[in-house]
Amino acid sequence: MPALACCVDAAVATPPFSGVPSTDTNPAPAPAVIASAAATDDLSHWSPSHSACLYRVDGWGAPYFSVNSSGNISVRPHGADTLLHQEFDLMKIVKKASDPKSAGGLGLQLPLVIRLPDVLKNRLESLQSAFDLAIKSQDYKAHYQGVYPVKCNQDRYAVEDIVRFGSPFRFGLEAGSKPELLLAMSCLCKGSPDALLVCNGFKDAEYISLALLAKQLALNTVIVLEQEEELDLVLEISKKLLVSPVIGVRAKLRTKHSGHFGSTSGEKGKFGLTTTQILRVVRKLEQAGMLDCLQLLHFHIGSQIPSTALLLDGASEAAQIYCELIRLGAQMKIIDIGGGLGIDYDGSKSEDSDISVGYSLEEYASAVVQAIHAVCTGRSVKHPVLCSESGRAIVSHHSVLVFEAASASVHDAPPAISSLELQSFVESFKEDARAIYGNLFSAVRRCEYENCLSYAEQLKQKSIQLFKEGLMGMEELAAVDGLCDFVSKAVGVADPVHTYHVNLSVFTSIPDFWGIGQLFPIVPIHRLDERPGLRGILSDLTCDSDGKIDKFIGGESSLPLHELDGTGYYLGMFLGGAYEEAVGGLHNLFGGPSIIRVQQSESPHSFAVTLAVPGPSSADVLRLMQHEPNLMMKTLRDRAEEYAGGDRDGMASMALASYLSRSFRNMPYLIRASSCGLNATSNNDLYYSSSEDDYGESVGDAAGGDEEWYYCFA
């Protein structure tokens, strides 16, 4: 253990804690304890595999993300079936996206969402394959066809991809609002005619009319009753439109998911019908001569179901209700097990966590098939078609948020002072402060390291009090801070946590962290062949104390990070493809990130960018809050002309107007200094200069149209 060397000349070798003044004329030196991590770490032995272990990449990232031999995060677009030459480097994607167009890049500003449709396709295929395998191995007599709940991510291309990739499997969509229903109807016109359109959520007459119109358009539509009174509207409107509806009911199961995401389950859940209400629905349909319209049973235990035991319990209960409905005369055909298929955000494979699950896709599908097969076979009921509304498990992996650390706080090392200076400093203490210092020194001698920390904290608090009373100067207060800091280091407390300021808004891009404490894997996407020498938390750009990330997977309150070297330090948030973009707001008027779609190709870098969309400009987000950027610009331009005193030729006011105009067009996030051209001329006139290649306005024009454009580059 190092001595309190911050108190002694650094060049003088001293025994542990020597140089600390004491009234004891023959103090016994304290024995050494845990050595500083910096003294024992051998940086030369660090490898990418060490980083993969440190950040748990092989846990949460498998089979889509890994650390390559260059120390960068690598994407495996086809999961376990990805060949070596098909992998691509995430850092190369970021470089392609962010480099100016003049250098062959796309000129996009960070933060950046990278969408990976190949991963999306693999997730769909894997889910379907898991159910197909379970159905075949258990001799189940019906098939599986899932639906994607568009609330998870309503992005046009994601939804269209799911319909296109899922068409061979009759994969459909689930909608919970009128805009989502319109979206789903439009997309499914290009999907399989057998794909289900499941209509959930609260419904009014317009919603039900839209759903019945979808039935008229030959879409395989099911109206799921969430509230008992919705049935009256369905019966009334279907008669007016002369449409025979397909009806489902959502049951409130007794089975309840006890975790955070299980709040919508159980008898007191937000949605669904109780047993008594389901019986009333059956009687009302029977009286109307429409009991044959009741064909689907839906239930939802809750998101992120942690174990297959809970799933077996819920599916068995639902299967009993299904069989009872058949006994009562309903023409049941489908059991919709809802959402709940979880993903492992931290790689722990734990059943006791809200951010992990203790099963694989195959085990999930097997549990569902097993439960429903056992009940229906036991009651001599024909096996129903199986449907699930898996959203999180389908889209989470296909999206990566990349952002840059703009700066980091620097921890000031305690100033080195000589033994004589320290002696004089201690003698200047007031009596009560000197008593605390004596206790600290005694604890040092006895190697009572917990007491050392306690007395150091007491000394710091007492010094703060004396400073507030005007009885201690700033120099003495800083010296106490330094002494206490060194005591912490000396007794083996971890190095101080640094704050990395990231070019991001947590509220906009990671709202679930702020809102519900959801944790996501956050990892540097490069320099993983280097040992991270610091620990840090992430602080965003917003003027809000909540705008920070100080909890990480693995129960950590800080993240291992590298020192900034001025060349750009990029981090990625993974598994955020569900909900984050849909839930994010406009805190501090930070808009969404730039977006690119990247697919595997046979190019030398193994990838191609098929779509690039710049993030919303300052003008865009102002419009969303009912401001008028054009009028704002006119007001500011008039003001510039009024106050540009002595501007004979109007150049200064024109320069200011140009700069203001550019500010409206740029994204709200930080721009690298090299890209921002507000300069001063020799006569103190300001002018703005910028390369048109900096942020690619033509990219925005192309991406904003209907035509999809394609890059394939060497």
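**Exercise 1.** Does F607 count as buried or exposed in this predicted model, and at what relative accessibility? Then work out which ring F607 is paired with and which parts of the chain the pair ties together.

*Solution.* Begin with accessibility: buried means under 20% relative accessible area, and F607 has 0% relative accessibility, so F607 counts as buried. Turn next to the partner, F88, whose relative accessibility of 2% means that F88 counts as buried as well. For the geometry, the ring centres of F88 and F607 lie 5.7 Å apart with the planes at 55 degrees, so this pair is tilted. Finally, place the two residues: F88 belongs to strand β3 (residues 88-89) and F607 to strand β21 (residues 607-613), so the pair ties together parts that are 519 residues apart in sequence.

**Exercise 2.** Classify the aromatic pair formed by F131 and Y144, and identify the cluster that holds these residues.

*Solution.* The planes of F131 and Y144 are 5 degrees apart and the centres 3.9 Å apart, and the pair is stacked. F131 sits in helix α5 (residues 117-137), whereas Y144 sits in the loop between α5 and β5, so the pair ties together parts 13 residues apart in sequence. Both residues are buried, and ring pairs link F131 and Y144 with Y359 and Y364 into a cluster.

**Exercise 3.** Describe the surroundings of K151, and state how exposed K151 is.

*Solution.* An unreviewed UniProt entry annotates K151 as the modified residue N6-(pyridoxal phosphate)lysine. In the model, K151 lies in the loop between β5 (147-149) and α6 (156-166). Its relative accessible area is 44%, so K151 is partly exposed. Leaving aside residues up to four places away in sequence, K151 touches E180, Y579 and A582.

Notes. Residues numbered from 1 in each chain as written. Predicted model: local features only at pLDDT ≥ 70, side-chain atom pairs only at ≥ 80, totals over all residues. Heavy atoms only, no water. UniProt positions renumbered as here; feature names shortened; annotations may be inferred. Helix = DSSP H or I, 4+ residues; strand = E, 2+ residues; numbered from the N terminus. Buried < 20%, exposed > 50% of the residue type's maximum accessible area, 1.4 Å probe, protein only. Contact = heavy atoms within 4.5 Å. Phe/Tyr/Trp six-rings, centres within 6.5 Å; stacked < 30°, edge-to-face > 60°.
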